[in-house]
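Here is a friendly walk through the model in front of you, from the overall fold down to single side chains. Keep the structure open and follow along as we go.

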Amino acid sequence: MGYARKVGWVTAGLVIGAGACYCIYRLTRGRKQSKEKMAEGGSGDVDDSGDCSGARYNDWSDDDDDSNESKSIVWYPPWARIGTEAGTRARARARARATRARRAVQKRASPNSDDTVLSPQELQKVLCLVEMSEKPYILEAALIALGNNAAYAFNRDIIRDLGGLPIVAKILNTRDPIVKEKALIVLNNLSVNAENQRRLKIYMNQVCDDTITSRLNSSVQLAGLRLLTNMTVTNEYQHMLANSISDFFRLFSAGNEETKLQVLKLLLNLAENPAMTRELLRAQVPSSLGSLFSKKENKEVILKLLVILENVNDNFKWEENEPTQNQFGEGSLFFFLKEFQVCADKVLGIESHHDFLVKVKVGKFMAKLTEHMFPKSQD
């Protein structure tokens, strides 16, 4: 019985090794042949197929050396020790299996096909790698493959049905920033789907906390912001971020241009929902928020910020809510808008901005703010 059990374990190891070689080859080949797609956060709706509309963006850096074939990863069995004759033979067999897998893929793929799109069986193998492997480079390669495939609508349902959502979400607990970023990318692509969003909502608080506490302007922070932005394209889960709005304003004020724009996309989703207006007005904003209305500030940042303030201003019924205005604390967004003269000075300071769209948006914002705070009946 002991001998049979040992043979069984060795056989299982060989099968897993062959499968891993095949999967890892597909992952690294996918890195060379296609660029990772990711759903960029922004306001949007759920389409008829159950997917939320949204653009895709390229997550690969321009300095990837795609011509270096030696970067392909080959899985070696644990007994293939370097420097021993048996280890040399085992490593040679592993390389041979990987080569056979590569040739099989090339032979099966048609000239016009994209062999980075995996079948359900292959996706299952990749998910097994994510669930069982503890090696960062294997996890990274597997998550890259899942991210590529999750960019396609038909694969989002398949990955969910294979139990992929909790498997990938578990990786969020890792301390490896590269692996965590790739896991967030996968979840972001999967979140462009109504049913997936319903199941991913239980991870929103963790993603929110990780995003806020991550290193400022880091890739993990940006990936987390994109996921949260996608999760708030509809009004259903926005209330889960109500207690973190002040932190988002803090990130906006302290972050670089890329972080600012991503936070603005998230806040814009919230500002378009009238039910979130009081939460936004209650949020504490940095004193430096007014200084962002500057000629030196990026045009897109100014325009998006003005749209957010305009939406909040439109959704808040100033006259109807006058008895409850004392519920907003000092330093809140409400007081930022309420201090009209200070706000006016900051905004009017960029009326001479060289960009025509900025000047038009400033004029529109100031007109609406004046109308709401000083209604005609009080003239």
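**The chain as a whole**

The protein chain contains 17 helices and two strands. Please bear in mind that this is a predicted model. Of the 379 residues in the protein chain, 48% are buried. The outside of the protein chain amounts to about 19000 Å² of exposed area, with carbon and sulfur atoms supplying 52% of it. Among contacts in the protein chain with a separation of 6 or more, 73% are between residues 24 or more positions apart.

**Salt bridges**

How many salt bridges does the structure hold? The count is 11. Three of them are set out below, each with the distance between its N and O atoms.

| Acidic residue | Basic residue | N to O distance |
|---|---|---|
| Asp210 | Lys180 | 3.6 Å |
| Asp247 | Arg250 | 3.9 Å |
| Glu310 | Lys364 | 3.7 Å |

Let us begin with the pair in the top row. Asp210 and Lys180 form a salt bridge, their closest N and O atoms being 3.6 Å apart. Asp210 sits in helix α9 (residues 204–213) and Lys180 in helix α7 (residues 177–190), so this salt bridge ties together parts that are 30 residues apart in sequence. Is each partner buried or partly exposed? Asp210 is partly exposed, at 22% relative accessible area, whereas Lys180 is buried, at 14%. The cut-off explains the two labels: buried means under 20% relative accessible area, so 14% for Lys180 falls on the buried side.

The pair of Asp247 and Arg250 has another setting. Both residues belong to helix α11 (residues 245–254), where they are three residues apart and thus separated by about one helical turn. The side chains meet at 3.9 Å, N to O. Arg250 is partly exposed, with 39% relative accessibility, and Asp247 is also partly exposed, with 26%.

Now for Glu310 and Lys364, whose side chains meet in a salt bridge at 3.7 Å, N to O. This pair links distant parts of the chain, with Glu310 in helix α14 (residues 299–315) and Lys364 in helix α17, 54 residues apart. Glu310 counts as buried, at 5% relative accessibility, while Lys364 counts as partly exposed, at 42%. Elsewhere, Asp157, Arg160 and Asp161 are joined into one network by salt bridges that share partners.

**A nonpolar patch on the surface**

Helix α17, which holds Lys364, covers residues 356–373 and is also the place of Val360. Which residues make a nonpolar surface patch together with Val360? They are Phe356 and Leu357, and the patch has an area of about 310 Å². Val360 itself is partly exposed, at 41% relative accessibility.

**The annotated ARM repeat**

In an unreviewed entry, UniProt lists residues 163–200 as "repeat: ARM". What does the model show over residues 163–200? The chain there is 74% helix and 0% strand, and the end C-alpha atoms are 12 Å apart.

Gln197 is a residue to look at in helix α8 (residues 194–200). Gln197 is buried, with just 2% relative accessible area. Which backbone atom does the side chain of Gln197 reach? The partner is the backbone oxygen of Ser191, at 3.1 Å.

**Two loop residues**

Lys135 is in the loop that runs between α3 (120–132) and α4 (136–150). This residue is partly exposed, with a relative accessible area of 42%. The C-alpha atom of Lys135 is separated by 10.0 Å from that of Val179, and the two residues are 44 residues apart along the chain.

Asn217 belongs to another loop, the one between α9 and α10 (219–231). What is notable about the phi of Asn217? Phi is near 70 degrees, a positive value in a residue other than glycine. With a relative accessible area of 27%, Asn217 is partly exposed.

Note on methods:
Residues numbered from 1 in each chain as written. Predicted model: local features only at pLDDT ≥ 70, side-chain atom pairs only at ≥ 80, totals over all residues. Heavy atoms only, no water. Helix = DSSP H or I, 4+ residues; strand = E, 2+ residues; numbered from the N terminus. Buried < 20%, exposed > 50% of the residue type's maximum accessible area, 1.4 Å probe, protein only. Patch = residues over 30% accessible without salt bridge, like charges linked within 9 Å, V, L, I, M, F, W, Y side chains within 5 Å. Areas by Shrake-Rupley, 256 points an atom, 1.4 Å probe, with all protein chains shown as cover. Salt bridge = Lys/Arg side-chain N within 4 Å of Asp/Glu carboxyl O. UniProt positions renumbered as here; feature names shortened; annotations may be inferred. Polar contact = N/O pair within 3.5 Å; in protein donor to acceptor, adjacent residues only side chain to side chain. Contact = heavy atoms within 4.5 Å.
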